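I opened this notebook to keep track of what I looked up, one topic at a time. My plan was to begin with the overall fold and then go down to single residues.

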Amino acid sequence: MQETSMMGTSSVASGVTDQIPALCQQLAQEDPQVQFAATQAFRKMLSVEQNPPIQDVIQAGIVPRFVHFLKEVSRPDLQFEAAWVLTNIASGTAEQTRVVVEMG
């Protein structure tokens with residue numbers, strides 16, 4: 001097994017991070033069910049105890065999408081999942097927390 005890097009990824013996480021591009025595409029779709037499923041998948045991905053791929057998710061540029069989902073008052077299920085994703089990202093390093101704060 002590869003050592004954990006400063007970015008919080010390892011060889012174990014590489015299979016999970018391979019899913020990020022497809023999930024990003026799903027977040028961009030207008031279908032509410034697809035958006036919810038992708039957001040939930042990100043939440044589960046970031047909820048792992050060892051080496052969650054926080055930096056990979058940040059680098060994918062999708063933090064603003066989760067912030068946008070917080071404003072979807074007619075979709076409390078999506079708000080819940082998006083809030084959990086953002087909480088998991090903010091639980092990383094100080095720099096990772098700053099990304100969430102700066103996005104709103």
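**Entry 1: the overall fold.** I began by counting elements, and I found seven helices and zero strands in the protein. I noted that the model is a predicted one, and I kept this in mind for every entry that follows. Reading from the N terminus, I wrote the order of the elements as α-α-α-α-α-α-α. I then looked up how much of the chain is hidden, and of the 104 residues of the protein, 39% count as buried. I also looked at contacts with a separation of 6 or more, and residues 24 or more positions apart account for 58% of them.

**Entry 2: the nonpolar core.** Which residues touch the most other members of the largest nonpolar core? I found that this core has 23 residues, and that Leu27, Phe42, Val57, Ile62, Val63, Phe66 and Ile89 are the ones that touch the most other members. Next I looked up where the core residues come from, and the elements that give two or more of them are α2 (20-28), α3 (32-46), α4 (54-59), α5 (63-70), α6 (76-90) and α7 (94-102). The largest share, five residues, comes from α6. I wrote a general reminder beside this: in soluble globular proteins, nonpolar side chains tend to be buried together. To follow one core member, I picked Ile62 and set aside its neighbours within four places in sequence, and I found it in contact with Cys24, Leu27, Phe42 and Val57.

**Entry 3: two residues of α3.** I turned to Thr39, which is found in helix α3. Is Thr39 buried or exposed? Its relative accessibility is 0%, so I entered Thr39 as buried. Leaving aside its neighbours within four places in sequence, I listed the contacts of Thr39 as Leu27, Phe66, Phe69, Leu78, Glu81, Ala82 and Val85.

I then looked up Ala38, which also has its place in helix α3. Ala38 is buried because its relative accessible area is 0%, and the cut-off for that word is under 20%. With neighbours within four places in sequence again left out, Ala38 is in contact with Leu23, Gln26 and Leu27. For Leu23 I also noted a distance: its C-alpha atom and that of Ala38 are separated by 5.4 Å, although the two residues are 15 residues apart along the chain.

**Entry 4: helix α7 and its two sides.** I asked which residues of α7 are buried. I found Gln96, Val99 and Val100. Seen down the axis of α7, these buried residues fall within an arc of 95°, so I recorded them as lining one face of the helix. On the face turned away from the buried side I found the exposed residues Ala94, Val101 and Glu102. The buried residues of α7 pack against α4, α5 and α6.

I looked more carefully at one of these partners, and α6 and α7 pack at an angle of about 145°, with their axes 7 Å apart. Here Leu86, Ile89 and Ala90 in α6 meet Gln96, Thr97 and Val100 in α7. Sorted by class, this contact has four nonpolar, two polar and no charged residues.

**Entry 5: salt bridges.** How many salt bridges does a search of the whole structure find? The search finds two. I added another general reminder: side chains of opposite charge can pair when their charged atoms come close.

In one salt bridge the side chains of Glu81 and Arg43 meet, at 2.7 Å from N to O. This pair links distant parts of the chain, with Glu81 in helix α6 and Arg43 in helix α3, 38 residues apart. Both Glu81 and Arg43 are buried.

In the other, the side chains of Arg98 and Glu95 meet at 2.3 Å from N to O. Both of these residues lie in helix α7, three residues apart, which is about one turn of the helix. I entered Arg98 as partly exposed, with a relative accessible area of 39%, and Glu95 as partly exposed too, at 45%.

**Entry 6: backbone angles.** Last, I looked at phi values. Asn51, in the loop between α3 and α4, has a positive phi of about 55° although it is not a glycine. Just after α7, Gly104 takes a positive phi of about 110°.

Conventions: Residues are numbered from 1 along each chain as its sequence is written. This is a predicted model: local features need pLDDT of at least 70, side-chain atom pairs count only at pLDDT 80 or more; totals for chains, interfaces and linings use all residues. Side-chain values use heavy atoms; hydrogens and water are left out. A nonpolar core is a set of buried Ala, Val, Leu, Ile, Met, Phe, Trp, Tyr and Cys residues joined through side-chain atoms within 4.5 Å. Buried means under 20% relative accessible area, exposed over 50%, partly exposed in between (1.4 Å probe, protein chains only). Helices (H or I, at least four residues) and strands (E, at least two) are DSSP runs, numbered from the N terminus. Contact means heavy atoms within 4.5 Å. The arc is that of the directions from the helix axis to the C-beta atoms. Axes are lines fitted to C-alpha atoms, for helices over the stretch in contact, and angles run from 0 to 180 degrees between N-to-C directions. Ala, Val, Leu, Ile, Met, Phe, Trp, Tyr, Cys and Pro count as nonpolar, Asp, Glu, Lys and Arg as charged, and the others, Gly among them, as polar. A salt bridge is a side-chain nitrogen of Lys or Arg within 4 Å of a carboxyl oxygen of Asp or Glu.
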